[in-house]
Amino acid sequence: MSSEATTGTGGGGLTEYIQHHLQHNVQQVAGLSFNIDSLIIGFAVGMGILLWFWSIARKATSGVPSKTQAFVELAIEFVDGQVKDSFQGDRRFIAPLALTIFLWVFVMNAMDLLPLDFPGWVVQTIWGAEAAHHFYFRLVPTADINTTFAMSLTVFCLIIFYSIKVKGGFGFIAELFTAPFHAHSVPTKLVLALPNFFLNIVEYLAKPVSLAMRLFGNMYAGELVFMLIAGLMAGMLTGVGGFIGGLFGVAVHAAWAIFHILIIGLQAFIFMVLTVVYISMAHEKH
Amino acid sequence: MEFIAQVQANTALAIGIIIGLGAFGACIGIGIMGSKFLESAARQPELMPKLQGSMFLLAGLIDAAFLIGVAIAMYFGVANPLISALKG
């Protein structure tokens with residue numbers, strides 16, 4: 001699984017291995033650089049799960065459900081229950097948004113369970129080792145900070161949209177200066193305006209930043225631990241007990257992957273619940 | 001040449017402190033939350049499934065700052081921008 005690290009055990013080979021696997025496949029389009037690997041994988045898995053759920057929902061019957069239909073209903077009821085708990089209002093937009101976020105983030109995170117040498121191995125068998133040495137491809141879109149910030153900035157735009165829709169444009173700006181410290185006389189209001197504004201800016205900025213960084217940190221650290229296990233255990237592949245050492249590496253990989261399955265689902269769930277909670281908070285008036 | 005060694009040494013210390021202090025805070029937080037959960041589950045066992053869902057959510061939120069710290073520390077560990085600023 002880690003053919004490149006065996007050529008150089010110790011510092012040099014491991015560092016090179018990790019740095020090679022941390023590089024994105026960057027393409028320049030019209031002067032801007034895009035991480036093509038995150039875009040392709042994110043789009044492909046998103047369309048995959050969307051089309052799969054859609055094809056099952058089309059054939060849905062009110063009789064005895066098939067197993068796949070029961071699974072789809074389970075997922076939808078789970079998300080709908082969560083939205084009902086946190087948001088008292090018209091759920092017709094929020095619940096599908098929550099379902100999309102949950103499923104898409106879950107599937108993108110699940111790409112972390114594929115071996116990270118897999119794209120390099122495919123390129124190596126088809127085009128040879130030299131091409132594989134210059135080929136970079138990161139399999140996990142949510143381990144790319146651009147993806148997570150894109151999603152959380154979209155949620156941020158939705159929060160601002162709903163705030164303005166519920167409070168009105170002037171009400172939104174007025175509330176930036178009058179909440180959370182309320183005052184009744186005009187001089188006190190002016191004094192409290194600046195601390196209020198500062199607190200509101202911090203609160204508004206912390207939401208998208210924390211959403212994005214939480215997901216990114218979890219996925220990036222998970223991928224990095226996989227790379228470290230592969231690199232450190234690769235030294236045991238050579239020598240007398242080569243095969244046994246390889247089995248030990250497989251065992252450690254499997255243990256971390258099993259723990260990571262929990263993290264994958266949990267981070268998708270947290271992203272969805274926090275999105276719903278933030279949007280429901282935006283519907284509150286003072 | 002000594003400057004690179006100094007930057008590397010300080011970076012290594014910083015990585016250790018980030019991960020260590022983050023783990024310290026996260027573990028104590030999970031410990032307190034878990035103990036409260038077990039107490040309330042023992043008091044009212046019928047509420048345990050609902051509380052368990054909230055407990056997992058809170059565990060993810062408590063681990064968030066710690067894992068962000070780990071990600072940043074690992075970034076400094078493998079692709080140190082302070083060293084590439086020195087070299088280039």
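In this predicted model, helix H2 (residues 36-58) of chain A and H4(A) bring their axes within 9 Å and cross at roughly 125°. The two helices H2(A) and H4(A) are therefore oblique to each other, and their crossing is right-handed. On the H2(A) side the contact uses Gly42(A), Val45(A), Gly46(A) and Ile49(A), while H4(A) supplies Leu103(A), Trp104(A), Val107(A) and Met108(A). Sorted by character, the residues where H2(A) meets H4(A) are six nonpolar, two polar and no charged.

H4(A) has another partner to look at. Helix H3 (residues 67-86) of chain A packs against helix H4 (residues 94-110) of chain A at an angle of about 120°, with 9 Å between the axes. This pair, H3(A) and H4(A), is therefore oblique too, and H3(A) passes H4(A) in a right-handed crossing. From H3(A) come Ile76(A), Val79(A), Asp80(A), Gln82(A) and Val83(A), and they meet Ile94(A), Ala95(A), Ala98(A), Leu99(A) and Phe102(A) of H4(A). The contact of H3(A) with H4(A) is built from eight nonpolar residues, one polar and one charged.

That leaves the pairing of H2(A) with H3(A). How far apart are the axes of H2(A) and H3(A), and at what angle do the helices pack? The axes are 10 Å apart and the angle is about 110°. That angle makes H2(A) roughly perpendicular to H3(A), because values from 65 to 115 degrees fall in that class. The crossing of H2(A) and H3(A) is left-handed. Here Phe53(A), Ile56(A) and Ala57(A) in H2(A) touch Thr68(A), Gln69(A) and Val72(A) in H3(A), and the residues of this contact of H2(A) with H3(A) split into four nonpolar, two polar and no charged.

Here are the three pairings side by side.

| Helix pair | Angle | Axis separation |
|---|---|---|
| H2(A) and H4(A) | roughly 125° | within 9 Å |
| H3(A) and H4(A) | about 120° | 9 Å |
| H2(A) and H3(A) | about 110° | 10 Å |

Next comes the interior. The largest nonpolar core has 50 residues, and the members that touch the most others in it are Phe102(A), Val105(A), Phe271(A) and Met272(A). Which elements give two or more residues to this core? In chain A they are H3, H4, helix H7 (145-167), helix H9 (186-234) and helix H10 (242-282), and chain B adds its helix H2 (48-78). H9(A) gives the most, with 14 residues.

Two of those well-connected core members link back to the helix pairs above. Phe102(A) is one of the H4(A) residues that meet H3(A). Met272(A) touches Val79(A), Gln82(A), Ala98(A), Ile101(A) and Phe102(A), leaving aside residues up to four places away in sequence. Among these, Val79(A) and Gln82(A) are in H3(A), and Ala98(A) is in H4(A).

The two chains also meet directly: 12 residues of chain B are in contact with 17 residues of chain A. On the side of chain B that touches chain A, 11 residues are nonpolar, one is polar and none is charged.

Finally, a few exposed positions in chain A are worth finding on the structure. Ala30(A) sits in the loop between strand E1 (26-29) and strand E2 (32-35). Its phi is near 55°, a positive value in a residue other than glycine. Is Ala30(A) buried or exposed? Ala30(A) is exposed, because just 5 other C-beta atoms lie within 10 Å, and a count of 12 or fewer puts a residue in that class.

Gly128(A) belongs to the loop between helix H5 (118-127) and helix H6 (129-133) of chain A. With 10 C-beta neighbours inside 10 Å, Gly128(A) counts as exposed. Along the chain, Gly128(A) and Leu139(A) are 11 residues apart, and their C-alpha atoms are separated by 20 Å.

Ala131(A) is in helix H6 of chain A and is exposed, with 12 other C-beta atoms within 10 Å. Ala131(A) is 11 residues from Gly120(A) in sequence, and the C-alpha to C-alpha distance between them is 9.1 Å.

Leu190(A) lies in helix H9 of chain A. Having 11 C-beta neighbours inside 10 Å, Leu190(A) counts as exposed. Between Leu190(A) and Lys167(A), 23 residues apart along the chain, the C-alpha separation is 21 Å.

How values were computed:
Residues are numbered from 1 along each chain as its sequence is written. Chains are lettered from A and ligands numbered from 1 in the order in which they are written. This is a predicted model: local features need pLDDT of at least 70, side-chain atom pairs count only at pLDDT 80 or more; totals for chains, interfaces and linings use all residues. Axes are lines fitted to C-alpha atoms, for helices over the stretch in contact, and angles run from 0 to 180 degrees between N-to-C directions. Helices (H or I, at least four residues) and strands (E, at least two) are DSSP runs, numbered from the N terminus. Angles under 35 degrees count as roughly parallel, over 145 as roughly antiparallel, 65 to 115 as roughly perpendicular and the rest as oblique. A crossing is left-handed if the near helix is turned anticlockwise from the far one by less than a right angle, and right-handed if clockwise. Two residues are in contact if their C-beta atoms, placed from the backbone, lie within 7 Å. Ala, Val, Leu, Ile, Met, Phe, Trp, Tyr, Cys and Pro count as nonpolar, Asp, Glu, Lys and Arg as charged, and the others, Gly among them, as polar. A nonpolar core is a set of buried Ala, Val, Leu, Ile, Met, Phe, Trp, Tyr and Cys residues joined through C-beta atoms within 7 Å. A residue is buried if 20 or more other C-beta atoms lie within 10 Å of its own, exposed if 12 or fewer, and partly exposed in between; C-beta atoms are placed from the backbone.
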